[in-house]
Every structure is written in C-alpha cells, then in structure tokens.
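Biologist: Could you take me on a close look at the aromatic rings in this model, and then show me a little of what lies around them? I am new to this, so please go step by step.

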Amino acid sequence: MASTAQPADPQKVTYHKGLVTINRFLNGINSTIKSGNQKLPINHAYKGTVNGLIKQTDAEFKVLKPTEKTMILTRGINNPRDINGADGKLVEKQKQLKKGDIMMMKGYAYAASKESSNPYLDDRFVSIAYEIEVPPKARISTRGTDEFIFPRCSKFEVLDNKVNENNVNIIKMRYLLPE
C-alpha cells in the first residue's frame, strides 16, 4: 500500500492493530526488528519497511477526526518487560513520577475505556495503573469504544501518583495535545 495521509476510517489509523511490533522496536526491547529500513515480517498487514509504516502512521494521526469531549482512559502495565525490557528500569522510574512531571511515551501508547479495561487493572496483575484524562480535540486512533492509541511520542502531565494497599501505583495523568 502506498504511503498516504488519509486512513480509510477517519477515527482510526490504518494499521491500528499492527503497532505492537513497532512499539517494541521504538522502545528498544525484545524486538525482531533491528533497523528502521528492515521490512516487516511477512505476516504483518503492512508490506513495507518499519520506517515506511511509522511515516504513514504519523501522517494519519494528523488527519484523524478530533475527539469532541473529555474522556477518561486507562492502561495497566502488568509486566515490566512489556514496556522496558527485562531490567524494569523504566517502570521503576515511572513509579517515582510526581505531580507536574511530564512523561513521554516513545511508542504508540495503547489505552482502553474504563469500562472495558477493568480486568486489566486487577491489582493482582499490574504494577502500574494509568488513568488518563484526554481533552477534547485530541487526535487519537480508536477501535470502537474499547481501544485507543495515542500518537508516537505523546506527552502526559502527571496529576497524581499514589500507591494503593496492594502496592500498585495509580498514576493519574492528562494527555497533552501536540502543539
């Protein structure tokens, strides 16, 4: 598929479901992809290079239909290796965030509606639970009402960070609209 800036669905980037592999590459963890010039695995829907998919996805985010109202989304980190490799350094750094800190997520951060993510926020399975306030006019990719993806290198302002009785950090944050 040629690189275009118009996704077929104005609320979703074309390869909404195919960004997990790209996130692992962008975060430098456990990836089979070693270079942006590398072609994606044959079973991936996008048939070009990693850089081509990133370029297309970034362009598509800029033309998505903006959200109309404030939303509260959630994200649970249940395995530190999922976002930062086996050493857990990024998770430990995030646990130290304070009100007013700005956090940038290098990849395309996934989140879910509060209603659809409750099983993923069970204290037995997560070490960090994010509660993300998304303001109106955000251009985020959505698959229905249950899964959302933020643009690459999105920034979030920390509003609160508390540890609950099960030693899970509950980090409340606000998505910062790109300038």
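Modeller: Happy to help; we will go through the ring pairs, then the sheet, and end with one asparagine. Please keep in mind that this is a predicted model.

Let's begin with the rings. Searching the whole structure turns up four aromatic pairs. Take Phe150 and Phe156: their ring centres are 5.1 Å apart and their planes meet at 80°. Planes over 60 degrees apart count as edge-to-face, so this pair is edge-to-face. How much of Phe150 is accessible? Its relative accessibility is 0%, so Phe150 counts as buried. Phe156 also has a relative accessible area of 0%, and it is buried as well.

Phe156 has another ring partner, Tyr175. Here the centres lie 5.6 Å apart and the planes are at 50°. That angle is neither under 30 degrees nor over 60, so the pair is called tilted. Where do these two residues sit? Phe156 belongs to strand 7 (residues 154–163) and Tyr175 to strand 8 (residues 169–176). They are 19 residues apart, and the pair links distant parts of the chain. Like Phe156, Tyr175 is buried. Put the two pairs together and you have a cluster: Phe150, Phe156 and Tyr175, linked by ring pairs.

Now for the strands. Strands 7 and 8 sit next to each other in the order of an open sheet of eight strands, which reads 2-7-8-4-1-3-6-5 and has mixed pairing. At the edges are strand 2 (102–105) and strand 5 (141–143), each pairing on one side only. From one strand to the next, the twist averages 35°. Further along that order you can find strand 4 beside strand 1. Strand 1 (residues 71–77) and strand 4 (residues 128–134) run antiparallel and are joined by seven bridges. If you would like one example to look for, Ile72 has Glu133 in strand 4 as its bridge partner.

Our last stop is Asn23, which you will find in helix 1 (residues 20–26). Is Asn23 buried or exposed? Its relative accessible area is 12%, and the cut-off for buried is under 20%, so Asn23 is buried. A polar atom of the Asn23 side chain lies 2.6 Å from the backbone nitrogen of Tyr108. Setting aside neighbours within four places in sequence, Asn23 is in contact with Gly107, Tyr108 and Tyr110. Tyr108 therefore appears twice in the picture around Asn23: in that 2.6 Å approach and among the contacts.

Key: Residues are numbered from 1 along each chain as its sequence is written. This is a predicted model: local features need pLDDT of at least 70, side-chain atom pairs count only at pLDDT 80 or more; totals for chains, interfaces and linings use all residues. Side-chain values use heavy atoms; hydrogens and water are left out. Rings of Phe, Tyr and Trp (its six-membered ring) pair if their centres lie within 6.5 Å; planes under 30 degrees apart count as stacked, over 60 as edge-to-face and the rest as tilted. Buried means under 20% relative accessible area, exposed over 50%, partly exposed in between (1.4 Å probe, protein chains only). Helices (H or I, at least four residues) and strands (E, at least two) are DSSP runs, numbered from the N terminus. A polar contact is a pair of N or O atoms within 3.5 Å; within protein, one must be able to donate a hydrogen and the other to accept it, and residues adjacent in sequence count only if both atoms are side-chain atoms. Contact means heavy atoms within 4.5 Å. Two strands pair if DSSP finds at least two bridges between them. Axes are lines fitted to C-alpha atoms, for helices over the stretch in contact, and angles run from 0 to 180 degrees between N-to-C directions.
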